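Visitor: I should like to learn how the features of a protein–DNA model are read. Please begin with the terms and then turn to the case at hand.

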There are 2 protein chains.
Amino acid sequence: MNLPAPKTPTADVLYERIETMIAEGQVKDGERLDEMRLARDFGVSRTPLREALRLLSGTGLVELIPNRGAFVRQPDFTRLVEMFEVMAEVEAWCARLAAGRITKAQLLLLRKAASACEAALQAQDYKRYYVENATFHTMIYEASGNGFLAEEAANLHRRLKPFRQAQLSFGDRLSQSMIEHREILLALEAGDAARADAVMRNHIRVQGSIYEEYRQSMSGEREVAGQQAS
Amino acid sequence: MNLPAPKTPTADVLYERIETMIAEGQVKDGERLDEMRLARDFGVSRTPLREALRLLSGTGLVELIPNRGAFVRQPDFTRLVEMFEVMAEVEAWCARLAAGRITKAQLLLLRKAASACEAALQAQDYKRYYVENATFHTMIYEASGNGFLAEEAANLHRRLKPFRQAQLSFGDRLSQSMIEHREILLALEAGDAARADAVMRNHIRVQGSIYEEYRQSMSGEREVAGQQAS
DNA sequence: TTTTCTATTTTTGTATACGATATATTTGTA
DNA sequence: TACAAATATATCGTATACAAAAATAGAAAA
C-alpha cells in the first residue's frame, strides 16, 4: 500500500487514548486531569497534550475551566441513553432521506459493505467488523444527499465509538445487527422512507439499551448519580 | 456587574476572529492559513493560534493536514443550505419534544424571553436582540428533556451564528420572526407537538433562504463553485 | 527543453521556559 | 477556638526555541 508513514499527529493519538480512559472508567467523573502528570505518563510534552484536551472539550468529554484545569465529564446512564437517542434520530433521518435519493451505484457499494460486515462477523474478527460496520453507516449518511448532515452524523458516530465498543462482545447482538442491516438495505432499495426510518431507529436505539445492560452487569461498582433530565 | 476580569482564553478569542474572517469572506476557500503570519497579525504567539485552528477544524471551517498546514473550508451556497436544513430539523425535533415535556416554569421563562426579543427589536438594539433570541431558542432546547440534544443544538446554533448575523439588518425579517416566536409559544402551551415542529422548522428554514438572498444581492463578486450535494 | 536529483528554505510539530492566576497553608487577630 | 488575611506553592496560559518534515529552487543530465 502507499502508506509510507501515516504520521498521526500526537494530539490525535492522545485524544483517543484519553477518550478510551474516560469510556473505560479509568478516570472518575469530575476528576481533574493533571497536565504534567499525564504528559509524563504518555511521554510527551504539555503542548500536544493541551491540544488533545481542547479537542476533548469540544466533544464534551472534559470541561476546560480557565486557570483551573481540565475536568472529566463522565457521561452517566441518563446521558448515554440521551446520546444514543440523538444518534438514533440522526441515523433515522439519514436513512429516510437516503431512501429517496440513493443511487444505484451507492446501493451496490452498500450491499458490498453489508456483506463485508457478515464476513467479518463469521471470521469473528470484531475489529474488522467495527470498521466495516462504520463504512456501512457512513455510506447511508452520504446517501442522504446532505453533505453537512453526513459529516455531523459521522462525527457523532465517532464520538459514540468508545461507548459502543463495550458491547461488541456482548451476546449475539451482532447477528441480530446483521439482520437489521439487511432490512435497512431492502427498505432503501424499495425507496421506502418510512420503513428505512423505523428499522434504522430501532437498530441504533437497541445499542443504547444494550450498553446499559452491559454496564449494569459489571457490578454497580461506580454508582452514578443520574442527574434529572427533564 | 460582577465582571472583575472575564479572562477569556486567547484561543477562544482567536477562534471567533478567524471564524468571522471566514464567514465574511476575508479569506478565500482553500487558502492556507499561515500560522506565523496570523500570529503576527493578531499579536499573539503560535501556541494559542494553533489551539484555535484545531478548534476550527472540529467545526469544519478549516481542514488540518498534518505537516502541511491549515486550509480554509469556506462553505458554499449548497453547504449553507445544508447547514440550515440540519439546524431546522434539529430545532424542530427539540420543539416537538418540548411540546410534550415543557414545564409551567419553563413556559413562563420562555414567554419572558419572547417579550425580551420584542423589546430589543423595538429598541432597534440588534445586538441585544441576538442574545435574547439565542436565549429563547436555548430554552426550547433544554425543554426537550434531552440534555445531550440540548447541548448539540446549542453548539450548532453557535456555529451557524456568523452566517446568520449577515441577515440581521435585512428587510423586516425580524418582525416576522417575532410572530413566529409567538406561534411557537402558543403551540408549546397547547402541547401541540406537530404544530410546534412545523412552525419551528419553517422559522429556521427561512433563515437559510434569506441568507442566500442576501449573498446573491451583494453582487456575485466571489463566484462560488457549488459542489454537487447529491 | 524537459526531467530528476539535491540542497536550501520555509513551515509545521514538539519541547522547554517564564509570567500570571488560582488554591492551599500558615499566621495573626478577634 | 474560629475566622480572616497574607504568603507560599502549584498549575495554567503564553511565548520562545529547537528539531523534523515538506515545499521550493537550482543544477545537472537526458
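Guide: A polar contact is a pair of N or O atoms within 3.5 Å; within protein, one atom must be able to donate a hydrogen and the other to accept it, and residues adjacent in sequence count only if both atoms are side-chain atoms. In this structure, a polar backbone atom of B:N67 lies 2.9 Å from a phosphate oxygen of DNA strand C. The model is predicted: local features need pLDDT of at least 70, side-chain atom pairs count only at pLDDT 80 or more, and totals for chains, interfaces and linings use all residues. Residues are numbered from 1 along each chain as its sequence is written, chains are lettered from A and ligands numbered from 1 in the order in which they are written, and side-chain values use heavy atoms, with hydrogens and water left out.

Visitor: Which side chains have an N or O atom close to a phosphate oxygen of DNA strand C, and at what distance?

Guide: The side chain of A:R68 places an N or O atom 2.5 Å from a phosphate oxygen of DNA strand C. For B:R32 the corresponding distance is 2.6 Å.

Visitor: Which residues come nearest to DNA strand C?

Guide: A residue is near a strand if one of its heavy atoms lies within 4 Å of it. There are 19 residues around DNA strand C, of which A:T10, A:S45, A:R68, B:R32 and B:R50 come nearest. Sugar or phosphate accounts for 71% of the strand C atoms within 4 Å of the protein, and bases for the rest.

Visitor: Which helix gives the most to the surface near DNA strand C?

Guide: Helices (H or I, at least four residues) and strands (E, at least two) are DSSP runs, numbered from the N terminus. Here α3(A) gives the most, with three residues. At least two residues each come from α3 (46-59) of chain A and from α2 (35-42) and α3 of chain B.

Visitor: How many nonpolar, polar and charged residues does the surface near DNA strand C have?

Guide: Ala, Val, Leu, Ile, Met, Phe, Trp, Tyr, Cys and Pro count as nonpolar, Asp, Glu, Lys and Arg as charged, and the others, Gly among them, as polar. The surface near DNA strand C has four nonpolar, six polar and nine charged residues.

Visitor: Which polar side-chain atoms lie close to a base nitrogen of DNA strand D?

Guide: One belongs to A:R46, at 2.9 Å from a base nitrogen, and another to B:T47, at 3.0 Å. The backbone of the DNA is also approached: a polar side-chain atom of B:R68 lies 2.5 Å from a phosphate oxygen of DNA strand D. A:R46 and B:R68 are among the nearest of the 20 residues around this strand. The largest share of the surface near DNA strand D, three residues, comes from α3(B).

Visitor: What area do chain B and chain A bury between them?

Guide: The size of an interface is often given as the accessible area lost when the parts come together. The accessible area is taken with a 1.4 Å probe, and the loss is summed over both parts. Chain B and chain A bury about 2900 Å², 53% of it on carbon and sulfur atoms. B:E51, B:R54 and B:F148 supply 24% of the area that chain B buries against chain A, more than any other three residues. In terms of contact (heavy atoms within 4.5 Å), 30 residues from chain B and 30 residues from chain A take part.

Visitor: How many salt bridges are counted between chain B and chain A?

Guide: A salt bridge is a side-chain nitrogen of Lys or Arg within 4 Å of a carboxyl oxygen of Asp or Glu. The count is twelve. One of them joins the side chains of B:R79 and A:E151 (3.2 Å, N to O). α4(B) gives the most to the side of chain B that touches chain A, with nine residues.

Visitor: What rotation superposes chain B on chain A?

Guide: Copies are superposed by least squares on the C-alpha atoms of residues with pLDDT of at least 70 in both. A rotation of 180 degrees with 0.1 Å of shift along its axis superposes chain B on chain A (RMSD 0.1 Å). The two copies are thus related as by a two-fold rotation axis. B:E51 comes closest to that axis among the residues of chain B, at 3.0 Å (C-alpha).

How values were computed: Buried area is the accessible area (1.4 Å probe) that two parts lose on being put together, summed over both.
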